Amino acid sequence: MKITHKEFPNYRKYEMMYEGRPLSMEVGKLAELCNAAVLVKYGETTVLVTCTASARPKDGTDYFPLSVDFNEKLYAVGRIPGSFMRREGKPSLPAVLASRLIDRPMRPLFPADLRNDVVIACEVLSVDRDCSPEITAMIGASAAVSISDVPFNGPIAGIVLGWDGEKYLFNPTKEERKTNRMTTTVAATHKKIVMIESEADQIPDEIMYEGIVQAHEHLQSVLDLIDKMVEEIGKPKFEYEHAAFDDELFEALVSNEFESMEYCMDTDDKNVREARVNDWITMVQEKYGEEHPDMMDYMEEILYKLQKKVVKKWLLAGKRVDGRSMDEIRPLAAEVGVLPQVHGSGLFTRGQTQVLSIATLATLSEAQKLDTIWEEEEKRFMHHYNMPPYSTGEARAARSTGRREYGHGALVEKALECVIPEVEDFPYAIRVVSEVLSSNGSTSQGSICGTTLALMDAGVPIKAPVAGISCGLIQDNDDFTTFIDIQGVEDFHGEMDFKVAGTKQGITAIQMDLKNDGLKHEIVKEAFEKTKEARFQILDEIMLKAIPEPRHELAKTAPKMIQMTINPDKIREVIGTGGKVIQKITADTGCKIDINDDGTIFIASSDIEACRAAKKTIDEIVFEPEVGALYYGEVKRVISNLGAFVELVPGKDAMCHIKDLEFKRTEKVEDVLNVGDKTWVKFIGIDDKGRWNISRKEALKERGELK
């Protein structure tokens with residue numbers, strides 16, 4: 001039997017230092033059957049990124065089928081999955097968000113008419129807490145596609161921007177994240193910014209903008225390294241079958257039917273616009289159908305391109321579909337307390353976009369448990385976003401939650417997280433669900449406003465109200481126009497959806513989605529200026545008029561909470577053997593009781609008196625008398641020549657020795673005390689056998705009652 005050693009003649013390794021930590025990319029050794037594969041290491045975070053593409057497009061595909069998968073492996077952090085099967089299941093929410101974080105900046109840089117399946121898989125193999133696996137995967141994905149034969153107008157690179165209140169932090173370490181006040185992911189090409197995603201603690205707009213500009217400079221070295229890889233080992237890009245399109249028909253429609261399409265678009269009512277467009281399609285079929293019998297195969301793309309021409313023409317001329325000015329927000333309305341029984345509710349309407357948000361309060365034991373590669377193990381504040389088909393007027397059944405809904409829900413969560421009160425001040429788990437009732441653009445920003453209203457209506461003492469607004473963009477070469485509060489058609493045909501949420505003090509969240517190849521800095525700056533003014537207006541003129549501050553009392557249906565702290569050594573006594581003690585307290589009072597390892601106890605019930613009764617019982621169980629303190633108790637037992645046992649609290653007795661009953665000699669205890677008598681005693685300490693000792697005579701002396 002002959003054995004030969006495998007050689008890797010195409011193996012190459014590219015290295016650099018990136019924000020003080022080594023970054024390397026290895027090719028030519030792993031996953032050789034892919035179009036390209038890169039093993040990227042940042043510090044000790046290791047991700048294998050592969051890029052594969054189908055040889056030909058699928059029949060009938062009318063979009064670019066790109067899939068980006070961020071596959072977290074719990075062995076990467078030395079853990080075994082907590083599921084029954086003890087293996088990874090469907091992606092966690094953070095993994096879905098990481099996939100979107102990589103997909104969004106890369107997708108616009110592929111050819112618009114590419115129809116081949118392209119799959120980018122990021123396998124997280126090892127995680128170093130100082131080095132972000134998302135940034136590592138993003139860099140690897142960009143490098144893999146750039147050196148592959150898949151057409152791509154990259155590369156891009158990513159960086160995390162932080163701020164500690166005094167200075168910017170770039171790719172902050174675990175230690176730096178302790179003082180960090182924002183996590184802003186910036187992705188960019190050499191010249192333009194292609195993605196911004198941020199969670200921040202009320203960071204001033206000016207500080208955010210300047211940090212993004214600096215972050216763009218800091219990631220240039222990574223782009224240079226990927227350029228070097230492309231130059232040395234990059235494959236020629238493959239030729240692909242361009243998506244079919246009837247250019248002759250399109251030019252005829254632009255020449256002859258452009259004004260009629262303008263009429264279709266010239267309304268602020270989405271339903272009216274769709275009805276007009278349907279009539280327009282019927283007219284076009286009758287007029288051009290004989291000469292172009294397969295025109296319906298291309299109608300969706302024809303409509304997109306023709307409507308985009310209309311919207312672009314209008315916006316560049318300062319005209320909007322619904323007649324608003326470029327800096328005008330659609331009509332707004334805000335209400336609270338719209339639902340009975342629930343703990344808090346807020347209805348926010350902006351034009352034809354309407355969101356109903358519902359807040360629910362619960363004990364901390366109902367916080368979400370997380371089983372991921374990230375450090376966070378529990379989430380106390382949860383936001384969920386639902387956008388059913390009826391919200392857009394579609395007649396189809398609802399299906400399972402999609403990545404877009406997960407992403408929008410997480411954006412709202414990020415926007416509100418920094419204003420949620422600390423657990424010490426408000427010991428509740430909080431869930432808010434935003435139901436999109438009607439959608440015509442900016443539903444995520446409507447959800448931010450609705451969630452703020454619902455939290456305030458529920459009596460959650462948020463640190464400041466948060467509002468969200470979006471800014472759009474239309475470009476013609478170097479000329480550009482930004483406009484505030486984009487509706488659906490402007491989002492669909494525009495170049496940018498720049499979403500910013502914040503308080504009067506500063507920004508709390510950003511999400512920027514693009515359809516072009518990126519933004520110059522001046523566009524980003526203008527978007528910040530417009531969204532700042534708009535969110536102030538929404539807060540002052542609409543939201544704070546609906547509810548100026550959080551309610552001072554919780555809803556009658558909400559659980560009432562009492563927090564107490566006991567000696568951790570006493571936890572066993574409160575729980576009891578097999579949980580008997582705490583189960584009895586729960587059964588007697590109807591309260592839900594959560595006990596932390598540090599001795600913190602949370603008692604919850606819709607009846608505050610039940611909470612107080614449970615607390616009283618626990619206080620009695622863990623009672624520890626204080627040396628020198630006076631107590632008034634009942635005599636429970638008498639031993640004539642020894643002393644009396646006095647109950648300090650229910651179930652807790654201490655013995656008063658016969659010599660400590662009075663200052664004069666006592667022949668027998670019954671001369672002074674009998675069972676059932678009440679008396680004052682002073683706690684004088686614990687003897688070497690652990691028994692509590694008390695003195696009646698010292699208590700009477702201190703009270704001035706000695707005769």
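**Exercise 1.** Find which side chain joins aspartate 149 in a polar contact, and at what distance.

Solution. The partner is asparagine 35, whose side chain lies 2.9 Å from that of aspartate 149. A polar contact is a pair of N or O atoms within 3.5 Å; within protein, one must be able to donate a hydrogen and the other to accept it, and residues adjacent in sequence count only if both atoms are side-chain atoms. The model is predicted: local features need pLDDT of at least 70, side-chain atom pairs count only at pLDDT 80 or more, and totals for chains, interfaces and linings use all residues. Residues are numbered from 1 along each chain as its sequence is written, and side-chain values use heavy atoms, with hydrogens and water left out.

**Exercise 2.** Determine what lies around aspartate 149, leaving aside neighbours within four places in sequence.

Solution. Step one: aspartate 149 is buried (under 20% relative accessible area, 1.4 Å probe, protein chains only) and has no salt bridge. A salt bridge needs a side-chain nitrogen of Lys or Arg within 4 Å of a carboxyl oxygen of Asp or Glu. Step two: the nearest side chain of opposite charge, lysine 235, is 5.3 Å away. Step three: the contacts (heavy atoms within 4.5 Å) are Asn35, Lys235, Pro236, Lys237 and Phe238.

**Exercise 3.** State whether cysteine 471 is buried or exposed, and how far it is from aspartate 149.

Solution. Cysteine 471 has a relative accessible area of 0%, so it is buried. Among the residues that cysteine 471 touches are Thr482, Phe483 and Phe498. From C-alpha to C-alpha, cysteine 471 and aspartate 149 are 36 Å apart in space, and they are 322 residues apart in sequence.

Technical notes. Buried means under 20% relative accessible area, exposed over 50%, partly exposed in between (1.4 Å probe, protein chains only). Lys and Arg count as positive and Asp and Glu as negative; His and the chain ends are not counted.
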